[in-house]
Amino acid sequence: MKRIILPLIAGILVAFAVAGPLLVPVDPLAQNILARFAPVGTPGHLLGTDNFGRDILARIATGAQVELLTALASTMIALSLGVSIGVTAAYSRGLTEDFLMRGIDVMLSIPPLILALLVVAVLGPSVPTLIGVLALLFTPGFARVAYGQTLSVRSRPFIQAAIIFGAPRRSIILGQILPNIVAPLLAQASLTIASAILVGSGLGYLGLGIRPPMPSWGGMVADGQRYLATHPMLMLIPGLFVVSAILTFSALGDTLRTLWDPREQGGR
Amino acid sequence: MKTRISCGMHRRTFLATAMGLVTLMAGFVPQVARAQDDGRMLTFGLSANVGNLIYGPSRGAAQFIVNQQLHRGLVKFDENGTVVPALAESFEAVDTSTYRFTLRKGLVFHDGTPIDSATVKASLEYLARRETGAAIYAALSTLEAIETPDAHTVLVRLSKPNASLLDYLADPNAGISPPAALAPGAVNWIGAGPFRLKANDSGVSLTLVKADTYYDKDAVALDGVKFIFYPDSSARANALIAGDVDMVDFVGWEDFERIEATPKLVLDAVPGPFVYTLFNTGRAPFDNPKVRQAIAYAINRDNVVAAAFYGHGNPLNGMPMSPGNDRYDPAMGELWSYDPDKARALLAEAGVAKGMKISLLTSSTYSFFRDMALSMQADLKAVGIDAELNAPDWPTYTSAKNGGNYDLAVAGGAPSVTGPVYMQAYAVGAPASSFGSYGYDASEIVAHIQAGEAIAGDEEARAEYAKAVRIIGDQVPFLPLAQRSQAFAYTDRVKGFRNIPGFLSITGTGYMIEKTSIR
Amino acid sequence: MGLAAYCGKRILIGLAMIVCVQVIIFLAIQVVPGDPVEAMLSETAGIGPDVVAALRQQFGLDKPMPVRLLNHVIGLLRLDFGISFQYSQPAFDIIASRLAVSIELVVLAAFFGITGGILLGSLSVQTRWGDRLVSILGPVILSVPGYVLGSVLILGLSLSLGWLPAGGVAPFSDPAEHVRRLVLPVVTLALPIAATIAKVTRFEILEVRTQDWVRTSRAYGFPTRVTFRRDILRNALTPVLTISALELGGLIGATVLVEKVFNLSGLGSLLVSSVSVRDYPLIQGAVFVISAFYIAINIISDIMYGFLDPRVSKR
């Protein structure tokens, strides 16, 4: 029970952030320079205001939607791309395998940061760019998991039997292999969502996230850091939400993995 | 049990390797000295890594300060921003396009090489070459001839009158340099300045010591200056507060209060460079001067100062002016004001529909650029203009600005001359001048400014500049919005230093270090 | 295929990959908008297109792209990345000085992270509080991004309490100060490593504990402590160290957020600032070093695997 208390609190915080605008409908972009740096608990501004006098709660909420949307979308894309590559490589073997998996190795050895910097510089900061960058970064991970799993499933007798009996490749992949590797992939997906929030907010922190004035959590932390000595809440509040979101999804991923892999369960 | 054995070895090997690497690092990691116990050494937290010095091109404010310690030109700025003799013991304007300089006797570079009129001629001619990309190229592009009647006399002839030539020659990038530095990419550490380079810990610090070769060495109080690079502004402020450095340049606006609140620290802030708005005059809607005027009335300058500079700056309703220069007229500073109703009326008059969408170019590289655009965006919305922000990194921003890929753009200006002639570079449109609005034809304004430059008397010249400014007020080729506070900060042990107010805070203040002492 | 041939093949593939990465990055920075010369001259008055063209020629940017690519690859053979546009000094020298900072940071963080992680992981299966610490606090630490953790540490330990400096580097000639300045960044980097390693160690120990030889050892009556150290921990450590090696390889250049928070001039921040002024030689050089590190560590761990498990090299 104790194990889930913190993730539970985190989950509630995330839900609160997403539902925030429904509770307090405030424009996250409305500036009021006179009312800037309002402290937490100011009437009308539950979490205070930033250096433009913008409502922090409203910005957290809008930021939550952006962070979660980009994380989910990029994970989905990376999942489909990575699984296609990994399964194809493991199933075909030979030259195709070498080509695909070495390609994945090359992708992994490009520093993620430079990949993000260059893609954002070409396409400009925006939500679709961010989704694309994150998808690109996480595809190799899925490809490797799918590759490894497919290799091990492929050697099992029932698949070997299907291959010997001349079952079509398509039906073996879709009917036999995919259902057998879906569980570890789902666990990986949930962990990837957590990583996507981590990396995505990191990019926002470096100013590579989305187009201002739209808020992003990482960008809010970076802005808040400039006022760390005088108004630490500007950094602490978005920081808390980033942590909560990551914790929620990684706890979810760990739980999924435990369900799939009983070995881990034994230890608990 | 084979696995077990190899595993144990592995762990030990790993630990040994890790420890070995750490020890190895001891020899490599750059050294940073602390400020205390250094006698009359000034430890200076500098806002950027200057890399290798190259003769001619401008590489930003931090490099200016280093240049001013190592190098010296014919003239320099004093604490009031007046041009005073340096390597030249005297100078005179024969007329507005001919200047005569008389060099001091016995001048040498740090390495002992003598400096005579031929050295000066070679230096200036190098700066006048297009491919050098020199900071003062604009002034020397009209160079006709340099004559050296004797070893101590230099006669500079221009093809066009230029009342500001002396300002340009006092620029930090116009120090006289030895022949070896006069080639593209050649390093330029040996100069004729008050300090010489002792150690260059690349990327971390520069150690300079007093040069015995300097013509005015007896007036230099410091034994040396150690520049330590602190690119991050809050880290720079932290270093000063912690006593790691004696002085820092370019204090971040959000750190002003923190430094002022610290005992024994001095914040030396002056109104410095300005920020302004550019218009793409090559296409609708900003090809229409009425719409540009509307913007001039739509922007709340107080909000710009509050948002971008944390309240540390001066709103501008007209041209920024350099204090102490007699060629300005106070009326030049009163052209527009914040008046949203008037802005709406002007927009209606120009036939601009409500909810017009435009793109507002700024850069994400500098937070004050982005914050200024955000503040403007809110003001524009209030008068019915929907501005979408485009905030790429600096090179992309520069390309977009030079290529006219914007409607409105945020820009920053730090003129290196004090006189009104600086306005020319901002009025002339891109691509001819990278500081100006895209596609703007400023020939009328330029004609008046050049007429002013040809006149020796301040009074008569002022009338010509005023005509240029009147056209600017009407046409709005560029829109100055605020002058930002530019601050140095230092411990109260530092004496004799002064941040020169106005544009020269960037290009002139570095000359103060030779007059600085430390207790 | 013998072990030597296997190693040779891996190294050849590794070199090919480094060249691949260089070519990809070279082509990518050509596509990126923004011109290094225009950016550099952006603050100089009276600069027209003619001056820009002259400087482009000086930097060799006027040559056709294939020629520049070829020159770059030839330069790589001599570890010559070219002259940095912004600093006018060899890119190699700048990278070398930054690499020292990065390596010290990464090695210390990895050392403390890995030893701390193994210790905590072992404690977690032996003691109740260790178990709680690893299973409750571990996930939380893994959820805190470095830039948030760093900021919180600065806020708490530097700005509020004033115990430790907020950033910067100090020389080795002042060892106490040097260490003081490294504490916060190293802690920021090491905590998530420790959490990961603790998790893996714990998992592996639980796995090994159920093996036959452990039961045999217990049945012989060896004390629990001896069994744990000799039979369980040592066997569990193989995968732990492999994962550790990979963490180390990925860390070089990935410390940019921590460098930014603590004003450390390492390789990551050099890469970011080079991209932000389009300093092509520095970008290429930094990417070369980072990808070479990553690939080298991968090869080493692969060969290590081949050494420990001969089946791998036979494949």
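Select helix 2 of chain B to begin, and you will find that B:Ala61, B:Ala62, B:Gln63, B:Phe64, B:Ile65, B:Val66, B:Asn67, B:Gln68, B:Gln69 and B:Leu70 are buried there. Before going further, keep in mind that what you have open is a predicted model, with an ipTM of 0.79 and a pTM of 0.82.

**Around helix 2 of chain B**

Stay with this helix, which runs over residues 61-70, and note that it is mostly covered, since 10 of its 10 residues are buried. To see what covers these residues, add their packing partners in chain B to your selection, namely strand 1 (41-46), strand 8 (195-201), strand 9 (205-210), strand 10 (224-229) and helix 16 (504-507). As you turn the helix in the viewer, it may help to remember that an α-helix has 3.6 residues a turn, so residues three or four places apart point the same way.

**A four-stranded sheet in chain B**

Next, select strands 4, 5, 6 and 7 of chain B, which form an open sheet with antiparallel pairing in the order 4-5-7-6. Which strands are at the edges of this sheet? They are strand 4 (88-95) and strand 6 (143-147) of chain B, each of which pairs on one side only. If you look along the sheet, you can follow its twist, which averages 15° from one strand to the next.

Now narrow the selection to strand 5 (residues 98-103) and strand 7 (residues 153-158) of chain B, which are joined in the antiparallel sense by five bridges. For one residue pair to look at, pick B:Tyr99 and then find its bridge partner, B:Val156, in strand 7 of chain B. Add helix 3 (residues 117-127) of chain B, and you will see that this helix lies across strand 5, strand 6 and strand 7, running at about 30° to strand 7.

**Two cis peptide bonds in chain B**

Move on to the loop between strand 12 (265-279) and helix 8 (289-298) of chain B, where B:Pro285 lies. The peptide bond from B:Ala284 to B:Pro285 is cis, with omega near 0°. Then select the loop between helix 13 (423-427) and helix 14 (443-454) of chain B, in which B:Pro431 is found; here the peptide bond from B:Ala430 to B:Pro431 is cis, with omega near 5°.

**Chain A and its contact with chain B**

Display chain A next, which has 10 helices and zero strands. Its C-alpha trace spans about 75 × 45 × 30 Å along the principal axes, and buried residues make up 51% of its 268 residues. If you consider the contacts in chain A between residues at least 6 apart in sequence, 68% of them join residues at least 24 apart.

The UniProt record, an unreviewed entry, places the feature "transmembrane region" at residues 68-91, 185-208 and 228-252 of chain A. Select residues 185-208 of chain A, and you will find a span that is 88% helix and 0% strand, with its end C-alpha atoms 29 Å apart. Residues 228-252 of chain A are 80% helix and 0% strand, and their end C-alpha atoms lie 32 Å apart.

With chains A and B shown together, look for the contact between them, which takes 14 residues from chain A and 18 residues from chain B. On the side of chain A that touches chain B there are seven nonpolar, five polar and two charged residues.

**Chain C**

Finally, turn to chain C, where the pLDDT averages 81 and 91% of the residues score at least 70. Where pLDDT is low, the predicted coordinates should not be read in detail. An unreviewed UniProt entry annotates "transmembrane region" on several spans of chain C, among them residues 99-121 and 133-162. Residues 99-121 of chain C are 100% helix and 0% strand, with end C-alpha atoms 31 Å apart, whereas residues 133-162 of chain C are 83% helix and 0% strand, with end C-alpha atoms 28 Å apart.

Two loop residues of chain C make the last stops. Select C:Ser88, in the loop between helix 4 (65-77) and helix 5 (91-126); phi of C:Ser88 is near 55°, a positive value in a residue other than glycine. Is C:Ser88 buried or partly exposed? It counts as partly exposed, because C:Ser88 has 19 C-beta neighbours inside 10 Å. Then go to C:Arg278, in the loop between helix 12 (267-275) and helix 13 (280-308) of chain C, where phi is near 55°, again positive in a residue other than glycine. C:Arg278 is buried, with 27 other C-beta atoms within 10 Å.

Notes. Residues numbered from 1 in each chain as written. Chains lettered and ligands numbered in written order. Predicted model: local features only at pLDDT ≥ 70, side-chain atom pairs only at ≥ 80, totals over all residues. Buried ≥ 20, exposed ≤ 12 C-beta atoms within 10 Å, placed from the backbone. Contact = placed C-beta atoms within 7 Å. Nonpolar A, V, L, I, M, F, W, Y, C, P; charged D, E, K, R; others polar. UniProt positions renumbered as here; feature names shortened; annotations may be inferred. pLDDT = per-residue confidence, 0-100. Pairing = 2+ DSSP bridges. Axes fitted to C-alpha atoms, helices over the stretch in contact; angles between N-to-C directions.
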